[in-house]
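User: I am new to this structure and would be grateful for a close look at a single part of the model. Please begin there and then connect that part to its surroundings.

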Amino acid sequence: MKYIIAALAIVAATPAMAQDKMTLLLDWFVNPDHGPIIIAEENGYFADEGLEVEVVAPADPSAPPRLVAAGQADLAVSYQPQLHLQIHEGLPLKRVGTLVATPLNCLLVLKDGPIQELSDLKGKKIGFSVAGVEEAVLQAMLGEHGVTPSDIEMINVNFSLSPSLMSGQVDAVIGAFRNFELNQMEIEGVEGRCFYVEEEGVPSYDELIYVANPDRMDADKIARFLAATEKATQYIVNNPEKSWEIFTATSTELQDELNARAWVDTLPRFALRPAGFDAGRYARFEAFLKDSGMIDSLNPVEAIAIDVTAQ
């Protein structure tokens, strides 16, 4: 018995192992898209993996990938379409995990408005928030229906997507998220309709991904981060109502009808295997951007995306 007591005394005197610290920059303020991250934190899955994760919402949504590229954070939540362009711009970034594994982007119109087919957009105004990939997406969608870029007027509505559509400022908006803007409009009594990008000539892609600087990243820490978020995703899928309660308990700002609806719509789109990826999907989107004239050359998949758990 004295040996057992001595062993217990040694354990009691040993300090707890220090957690490895990580900084994750979000793409936007906390919302249901970030469910696995918040649940991993609240359910202790990060701690179980020996991680202390600082989650930061950006003041400037365009800044997180550039801050990660500069070594000022470990990970950023970003977008697959933007990543392709950023790598061609010379930013040292790679996709290391997936958060939302399907497109969320859609071209949004009024359900009972004059735009019933994409061909109806000829001579119309289309609102957007971020130039770049949206132009290629729109060109591909409208090209399938005989509408050219010169047939439409593009208007920057500065992230005021659904309001600009409901007010009649524009006839459609590109860049609307189907899990948010559609619900926002319905709550305000104006029903919208989405034309889904992946059904209109655009290769399917991962909407939200985790990006890291491959020259600076700690692959082991990222692998543990992804293991924690995978466990959180499984918990969300198995316990959608309980996970919603845990998620909303973190902030009163999340406790409204819009977020409740978005939670339900986003849940089936979370990546069940955040570390894994489809190499063909990344190659196809790279080729799509080159065919659209957005990039001049093709990068190999290994320059764009990586499975850190396979290293």
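Analyst:
**A pair of strands and its setting**

In this predicted model, strand 4 runs antiparallel to strand 10 (residues 208-212), and the two are joined over 5 bridges. Within this pairing, Arg 95 has Val 211 in strand 10 as its bridge partner.

The two strands belong to an open sheet of 5 strands, whose order is 2-1-3-10-4 and whose pairing is mixed. At its edges stand strand 2 (51-56) and strand 4 (94-100), each of which pairs on one side only. On average, and ignoring direction, neighbouring strands in this sheet are turned by 25° against each other. Helix 9 (residues 219-238) packs on the sheet, where it touches strand 1 (20-25), strand 2, strand 3 (75-78), strand 4 and strand 10. The direction of helix 9 makes about 70° with that of strand 1.

A further open sheet, also of 5 strands, follows the order 7-6-8-5-9, again with mixed pairing. Strand 7 (153-156) and strand 9 are its edges; each has a single partner strand, so one side of each has no neighbour in the sheet. Here the average turn between neighbouring strands is 35°, direction ignored. Inside this sheet, strand 5 pairs with strand 8 (residues 172-177) in the antiparallel sense over 4 bridges, and Asn 105 has Phe 177 in strand 8 as its bridge partner. Helix 6 (residues 133-143) packs on this sheet, touching strand 5, strand 6 (125-128), strand 7, strand 8 and strand 9. Its direction makes about 120° with that of strand 8. Helix 6 is mostly covered, with 8 of its 11 residues buried; among them are Val 133, Glu 134, Val 137 and Leu 142.

Strand 5 and strand 9 also carry the cysteines of a disulfide. The sulfur atoms of Cys 106 and Cys 194 lie 2.0 Å apart and form this bond. The link joins distant parts of the chain, from Cys 106 in strand 5 (residues 105-110) to Cys 194 in strand 9 (residues 192-196), 88 residues apart. Both ends are covered: Cys 106 counts as buried because its relative accessibility is 1%, and Cys 194 counts as buried because its value is 9%. The model contains 1 disulfide in total.

A word on confidence completes the picture. The chain has a mean pLDDT of 93, and 94% of its residues reach 70 or more. Residues 1-15, however, stay under 50, and the model gives them 0 contacts beyond four places in sequence. Where pLDDT is low, predicted coordinates should not be read in detail.

Note on methods
Residues numbered from 1 in each chain as written. Predicted model: local features only at pLDDT ≥ 70, side-chain atom pairs only at ≥ 80, totals over all residues. Heavy atoms only, no water. Disulfide = S-S within 2.5 Å. Buried < 20%, exposed > 50% of the residue type's maximum accessible area, 1.4 Å probe, protein only. pLDDT = per-residue confidence, 0-100. Contact = heavy atoms within 4.5 Å. Pairing = 2+ DSSP bridges. Axes fitted to C-alpha atoms, helices over the stretch in contact; angles between N-to-C directions.
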